[in-house]
Structures are given as C-alpha cells and as structure tokens.
Amino acid sequence: MFIGAIYAFLTLSTSFPIVYSTDTPKSYYHSLFLSTSLADNASVAHNLYMLTRRPHVAGTEANAETADYVLTTLTSHNINSHIVSYDVALTYPDSRSLTLTPKPGHPPVAFDLRQEIYAGDPYADVASQVMPTFHGFAKSGDVTASVTYANYGQVEDFATLNEMGVNVSGTIVLARYGKVFRGDIVHNAYTAGAVGTIIYSDRKDYGGGGKDAGWFPEAKWLPPTGAQMGNVYTEAGDPTTPGWPSNEGCERRDYEEVERLGIVPAIPSLPVSGADGETIMKSIGGKVADEDWQGSDDAPTYRVGPGPGVLNLNYKAKKTIATIHNVIGMIEGSEEPDRYVILGNHRDAWTFGAVDPNSGTATLLEVVQRLEKLQKKGWKPRRTIIFCSWDAEEYGLIGSTEWVEDNRELLASRAVAYLNVDIAVSGEEYSASATPQLDELLKQAAKQVQDPDNSSQTVYDSWASASSSSPWAAVSSSSPSVKIERLGGGGSDFAAFVQHIGVASLEVTYGGAYPVYHSMYDDFVWMEKFGDPMFRRHIAVASIWGYLALQLADKEILPFNYQSYAKELQRNAEELEDQISNQITVTPLLTSIDALSKAAAKINNEIKVIEETIGWASIVKADFTRVREINDRLMMAERAFLDREGLSGRPWYKHMIYAPAKHNVYGTKYFPGIDDAIEQAKRLNTEESWKVVQHEVWRVSRAINQVTKVLSGELT
C-alpha cells in the first residue's frame, strides 16, 4: 500500500515522469549471460570451422559466402539482419616474379614464391585457392637493382644506414617484418630513395629463433616457406572515395590520381618467406650490421650492402572495383531505441583466417547465441544493440570506414560506444584497449569472468599479474593495476569510430603476435592445436564482450568515467612538456585539462546523487529526462575531442588526442598533431616551425575545452 501510494503520487507529477515496473532486474540477465549454462564451446568451434573451410579474401566469391553464413546464423538467432554492400577499389596479383643474381657472373636464382602444403594437410584440396603472395595496393613495376638490408625498415633504421655511409638510393630494400606496419616500411624505403621493397619473415621473429625449434604443424612456428601477406596502403577506407561512402554510382577518383597524390605506395613491393629472405641475405656484402640487426644464432651474418646481390622484382597488379559485403544485425532497444551500442568484427582474411579474423567472428556469433537465450527468458535491452561483420578490413579498414562514412551523422548523434574484437584468440595473454572513459568498465567486466586457463582466478587477476611486470603499471593500495592500451593506431575497425567521428570505443583480445600471421597456415588446425585447443579463451572473450555490451545497453546511466581521461591527459601533457623547446608553453593545455578534471568530477557527483535517490527502490526509475540529459553529455563528450579540419596533412583523422603514429600505422600517438609538428620543428629548427608546434598545442587545448563544456552541459 505504501509503495502504491508513492507510485500514484509520482505518476501525477508532469515534471518527473515515473514508470512502474515489475520486470526482472537487468542485473539478473547480466549474471545469467555469464553463466556456464549459456556458453557453448562446441558451437564456437563449429562456427570457426565453417568460416575457415576456404581462403576468403575481400571481394571474392568465397568471402561473399562467409557473409551469407553470418547473415543466416544471425537470422536463425532471431536477429533482424541485412547485408550492406559497397563497390570499392581493391587490387589482386596479376603476375609476379623475383629473381636473384647473387654475384656478377653467377647463375640467377628464381624464387617460386609459393607456400608449401605439409604432409596430411586437411586443406590441401583448396590450397590452390590461396591467393599468390602479394601486398594489397602494391604498385606495379619491373625493377632491377642491388640489395640493401634495412633491418625492420623503421625511420631510425634508415637513419642508421645513412650514418654508416650506406646509400640506399637506387637499390631494392630488404627488410624484415616485426616492428612497424608494412606500408610504412615501403614508404620509408621510398623516402630513402629505394626503387623496390622486399619484406620477409625472419626466423628470429617468426620461426622460433633457431633451426631446431620446429614449425607448424608440429610446432606453432611459421614454416620456412610461409610468407606474410597484407596491405601496404597507409590510410583508411577506399582510396578512391576519401571521406564519402563507395556507394554504387558515387563520385570516385581514378586510380591514377590516387597514385599521383601518393595515397598508395610509389614503389613496388613483395612479401617473401623466411627461407627466401635468408637466401637474399647471403648475397649481401658490405659492412656487418649491428648486433640488434642480426638474425637467430644459426643464421648467416647479416650485412647491409648494397649488393653485390642484384634482384629483379617484377609485379603487376590487377586493379578492380569489387563488391564487398558488411552484415548488419540489430536487437532494438525497448526504451531508447535511438541509442546504439555497436559490436564489430571483420570477416575477410588473406587466407583461411582462423585467428585473424574469424576467431573474432565465431566469438561474435557466440555472443549473439547467448543474447537470444536471454531474450527467450524475457530480457530486452534498454538501448539498441547492433552487430557488424565487416568486409575488406585487411585492405585498409574499408568495410567499416565506408559504413561509418555512409551513416556519419546518424552515428554521431546516436552511437553510445563501439566494441571491437578483431582477433579474439591468438595466445594466452589477455589484453584490452579503450578510450579512457571506458577503463573502469573494462576492469569490472574482467573481474566477472573466470580465467579460462586457471579456474581459481578471474581474467582480471591474470591480466593484473601480467601488467605488474610493466613499468607503466603503478600498483594502487586497493587493487593491482592493469595496462590498458589506447586506440590511436590504425590496426582495426575501431579507427573510423574513434578517429573520424569520435565514438567511445574499446577492443579486447587474447594473445598478441602469432607466428603464422597472414600466412596460409593460419587455419583451423593451428587454432585447435596451439591457439585455443578447448576454445575456452573464445568463451572468455565472448563473456567479456557481451557483458560490456549489456552494461552499456542496459545501465540507466552510462558507465563512463571521464576522470580517467583527465588523469591520462595530465600524464601525457607532463611527458610532452619534457620533450619540447623552452620557447613552447603547454600552459594552455594544462589549464584545459584541469578544467576537464573538474567537469568530470562534477558530472560524477550528479550521477551519484541520482543513483542514491533511486537506490532505495529499484521499482521506481529516475527522471527519464534528467538521466537522458546526463547520458547525452557523457556520450557526446568524446565527439568534442574532434577538430573538423583534422590533423595537418591527415584530414581524415580528426581526433586531437589519438591517431596512428606518422611513421607506423599500427602505433598509437597521443596529441598526434603536436607530435607531427614537433618532428617537423626538430628537423627544420626555425622560428616559424616552432610557432606551428605552439599552434597545435592551442588546437588540442581548445578541443579539451569543448569536452569540458559538453560534460558540464552549460553554455557560457
């Protein structure tokens, strides 16, 4: 009677609309989602097997079949789903050859450039469908030149060669995979004057370090003939439609213009195996490379050249406009259907893709399967949950970028968060990345899920243990700290969400680097033997991924904490202050961060008041309008880190705090505009160049001030 009287009183108030509900609490369904009774290891394994029966490069019939498989699976789990197609520029190998003349007068060695099947290979019957080893968007060309060894092809490696008196100009660079994005290796070689680039998988990094380590299928290591394919385009999205979607009949740059603008590589390149790389290495003379440039203990001595070995690299690309297919599924929100929590994983692979990316696809389908079970028990999300299976990620994040560009304004006004899983499992170490307001939510999720390799602890426990050895991770008095990376790199589909339209995002994974990356040996057998034999890690990722989605979709007040952001910016600003010239002041930056910290504390206090108000009676919900207004401030604050003009020279990247490192697409840079300007100023060392640095400091400061205004919710 007492509760009924309160309900009657509150429903009469036009300024405080209250909804009476006897629904099962959302927290019940969240706990149920994590229960072992809903998990299905066998289903994950089956889906992964089905997705990886054939190689499925973007734009091929085989990859269209994987889209149909995902669509059918989503539909079978009562997810309203459809396919969104785009016509995008892709390249495939038309012809390629590589010939080495070890020394003048010696007979040439023609490399067969073929990854070999092994005895008992269950995929031998479809091995011929594996695309010949190549680089996506590599330039066509026929070049002959002596060879120079450039270690990992980093900017500093070419600087070292210059200091050694080695002239790279006019040579073909031999570099090994491992430190920076392959496209940056090609670009760095071109900048140094090279006419071509060969990139190989060194035994030291991918083969276990020595001849006795063994290789797949007996061990996890890359076989001697294994080669890492991949894209060498360093930007995001279809290069012929920069900033707008590649819809049928759209405006499009011709490919020649793309090449003239330097958007794709200006010299030809080719990936080769460790065995072929070592053969080329034996033909290189000149000075002995430094110790940290050397290979494994039983490798030949690495010298830098150039020559006497001479390579002929002949590559012809087939340029085409191919159709790609994103699969989009949706569970509509019951109370806020216009607020989107988005889960995404790409589906296309360079070969079979059991690790990259279909461990993530199989895990996404596990999340979908569990959510269907919740729906059957009465659960409905407060906000809309969207599932995205992206295409053509491997060619430069194309599928996700085109979709974001296609839906830019709608997503900018409605997207709560984007949750990415690219590789779900490649090893045993859990890691996570996020924009900082999601840090606490990530930690909470990891504390809810049992460690798949040690049932006596949680994922958070093992994560904290691994992080404790890092100099980054300071241990608090209350609990061990964990290392959360940032989403500034261009390594996966979060890029368009974070760096282009400013949506709070995160990514989770088990593993890290794995030796068969982007080779034909990334198949179901490797996963079953070495990656996750019992598929328990897949289940753990699904649990964390789904739990994060449920929290973001169902919590009345979004679980964002911008105090984490302010603390990180403060630390980054102090590090920046140590790097720059005395003529530059970071005072505007520090002042803006201090204001942000106060605004973050203020909105946290507002949330605390509301939560305390409704805590005594869960059947009475808070003022919807008030909660919605706070949530909008939390959601839109990330957008305010954007600058409409984007980074100088990189206008697609609009986030002032996070973007890819200028010389490594895989790397993350904080304050990227400032960092780019500092690099230029140190090289030119002119008054004008340092003024540009100061201008970039002001730009970041102004962006942070806008975030403060959004969080405060008050006009000046």
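A surface patch here is built from residues with over 30% relative accessible area and no salt bridge, joining like charges within 9 Å and nonpolar side chains (Val, Leu, Ile, Met, Phe, Trp, Tyr) within 5 Å. Asp and Glu count as negative, and the place of a charge is taken as CG of Asp or CD of Glu. Accessible areas come from the Shrake-Rupley method with a 1.4 Å probe.

With that in hand, look at Asp-290, Glu-291, Asp-292 and Asp-297: they gather in a patch of negative charge on the surface. One of them, Asp-292, sits in the loop between α9 (274–282) and β9 (310–331); helices (H or I, at least four residues) and strands (E, at least two) are DSSP runs, numbered from the N terminus. Asp-292 is exposed, with 54% relative accessible area, where buried means under 20%, exposed over 50% and partly exposed in between.

A word on what you're looking at: the model is predicted, so local features need pLDDT of at least 70 and side-chain atom pairs 80 or more, while totals for chains, interfaces and linings use all residues. Residues are numbered from 1 along each chain, and side-chain values use heavy atoms, leaving out hydrogens and water.

Now for the salt bridges. Side chains of opposite charge can pair when their charged atoms come close. The rule used is a side-chain nitrogen of Lys or Arg within 4 Å of a carboxyl oxygen of Asp or Glu, and the count comes to 37. Here are three of them:

| Pair | Closest N to O |
|---|---|
| Arg-203 and Glu-278 | 3.1 Å |
| Arg-571 and Glu-568 | 3.0 Å |
| Glu-687 and Lys-691 | 3.9 Å |

Arg-203 and Glu-278 form a salt bridge. Arg-203 is in helix α7 (residues 203–206) and Glu-278 in helix α9, so this pair ties together parts that are 75 residues apart in sequence. Glu-278 is buried, at 17%.

Arg-571 and Glu-568 are 3 residues apart in helix α18 (residues 562–579), about one helical turn. Arg-571 is partly exposed at 33%, whereas Glu-568 is buried at 7%. Glu-687 and Lys-691, 4 residues apart, share helix α22 (residues 687–712); Glu-687 is exposed at 56% and Lys-691 partly exposed at 46%.

Finally, meet Asn-63, in helix α4 (residues 61–76). Asn-63 counts as buried because its relative accessibility is 0%. Leaving aside neighbours within four places in sequence, its contacts (heavy atoms within 4.5 Å) include Arg-347, Asp-348 and Asp-391.

Definitions and conventions. Buried < 20%, exposed > 50% of the residue type's maximum accessible area, 1.4 Å probe, protein only.
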